[in-house]
Amino acid sequence: MEAAMGLMRRMPPKHSETALSALLSLLPDHSSDLLSQVDQPLQVLFDEESGKEFILCEYNRDADSYRSPWSNKYHPPLEDALYPPAELRKLEIEANEVFAIYRDQYYEGGISSVYMWEDDNEGFVACFLIKKDGSKTAQGRRRHLEEGAWDAIHVIEVAPEEEGIARYCLTSTVMLSLTTDHESSGTFSLSGSIRRQMNMDLSVSEGHLCNMGKMIEEMEGKLRNSLDQVYFGKTKEMVCTLRPPSEVIMRLPDSTGL
């Protein structure tokens, strides 16, 4: 199992589904662990009743059906399905509305979904999802990429509050993949994923949603900086080392010393 998880951490996101399928065939006894611990690129389904798309994941799945956060109905319909209690459902509805605004301001489009459920410790868990398709055929506003996807998964465990203080444990995963195809640069492909955790004890005077939103905003800033330094920064460094910019080459002396 440890070797399987190590392999999945090194697998490009766009190949993770194929790799996971192969591992499930090789390790059927660890199927539940693999499915719960391995993050895959997010899929989307259309909710006809609300007229909105929602994101599919393990957190809104029951059997082979997925619950829409907008209509609170399963697709396809499922009898005896699991639903959040009324109070948590009310918070889930508010979170989806607020997170849609956050997504549009930070991502200039895309799809978002928020799911909440009770845990065994009398607290609750919330999952905030964002999927942004940045390819030129998508509905993004820039359309500079031949293919491009950003999948963000934020899972927050909220412990029961004590004396007005609650403990929040945030686990965030971002999967990035992009491909360019331009005459000047040729075809270039880059993909990878990054995961980070954050624990905070916060006052609930302003509400759980406010606290969770601040944590996600802070975490996404850190993840974007890490991706910029690790993936884009290192790639630029390697490219400039192997192929120096033309202005640098022009200043280099030739073999005659002139």
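In this predicted model, M212 touches M116, F124, A126, F128, I156, V158 and Y168, residues up to four places away in sequence being left out of the count. Another core lies apart from the one around M212; this separate core has 14 residues, including L56, Y115, L129 and V155.

**The largest core**

The largest nonpolar core has 35 residues. Within this core, the residues with the most contacts are M116, F124, F128, I156, Y168 and M212. Two or more residues each are given to the core by α4, β6, β7, β8, β9, β10 (186-203) and α5. The largest share, eight residues, comes from α5. As a general background, nonpolar side chains tend to be buried together in soluble globular proteins.

**Helix α4**

Helix α4 covers residues 86-107, which makes 22 residues. From its first C-alpha to its last, α4 reaches 31 Å, close to the 32 Å expected at 1.5 Å a residue. Which residues of α4 are buried? They are L88, R89, L91, E92, A95, N96, F99, A100, Y102, R103 and Y107. The list thus holds charged residues such as R89 and E92 beside nonpolar ones such as L88 and L91. The buried residues of α4 pack against the strands β4 (65-67), β6 (111-118), β7 (124-133) and β8 (147-158), and against α5 (208-242). After α4 comes E108, with a positive phi near 55°.

**The hairpin of β8 and β9**

Strand β9 spans residues 165-182 and pairs with β8 in the antiparallel sense over twelve bridges. In this pairing, A152 stands opposite V174 in β9. Six residues lie between the two strands of the hairpin, and E163 takes a positive phi there.

**Residues with positive phi in loops**

E122 and E163 are residues other than glycine with a positive phi, as the table shows.

| Residue | Loop | Phi | Relative accessible area |
|---|---|---|---|
| E122 | between β6 and β7 | near 65° | 73% |
| E163 | between β8 and β9 | near 55° | 83% |

Are these two residues buried or exposed? A residue is exposed when its relative accessible area is over 50%. E122, at 73%, therefore counts as exposed, and E163, at 83%, therefore counts as exposed.

**The sheet of β3, β4 and β5**

An open sheet of three strands has the order β3-β4-β5, with antiparallel pairing. Its edge strands are β3 (61-62) and β5, each of which pairs on one side only. β3 and β4 pair over two bridges, and D62 stands opposite S65 in β4.

S65 belongs to strand β4. Is S65 buried or exposed? Its relative accessibility is 4%, and because buried means under 20%, S65 counts as buried. Beyond its neighbours within four places in sequence, S65 is in contact with N60, Y74, H75, P76, P77 and L78. A polar atom of the S65 side chain lies 2.7 Å from the backbone oxygen of P76.

P76 is placed in the loop between β5 (74-75) and α4. Which form does the peptide bond from H75 to P76 take? This bond is cis, with omega near -10°. The contacts of S65 include both H75 and P76, the residues that this bond joins.

Terms used: Residues numbered from 1 in each chain as written. Predicted model: local features only at pLDDT ≥ 70, side-chain atom pairs only at ≥ 80, totals over all residues. Heavy atoms only, no water. Helix = DSSP H or I, 4+ residues; strand = E, 2+ residues; numbered from the N terminus. Expected span 1.5 Å × (residues − 1). Buried < 20%, exposed > 50% of the residue type's maximum accessible area, 1.4 Å probe, protein only. Contact = heavy atoms within 4.5 Å. Pairing = 2+ DSSP bridges. Polar contact = N/O pair within 3.5 Å; in protein donor to acceptor, adjacent residues only side chain to side chain. Core = buried A, V, L, I, M, F, W, Y, C linked by side-chain atoms within 4.5 Å.
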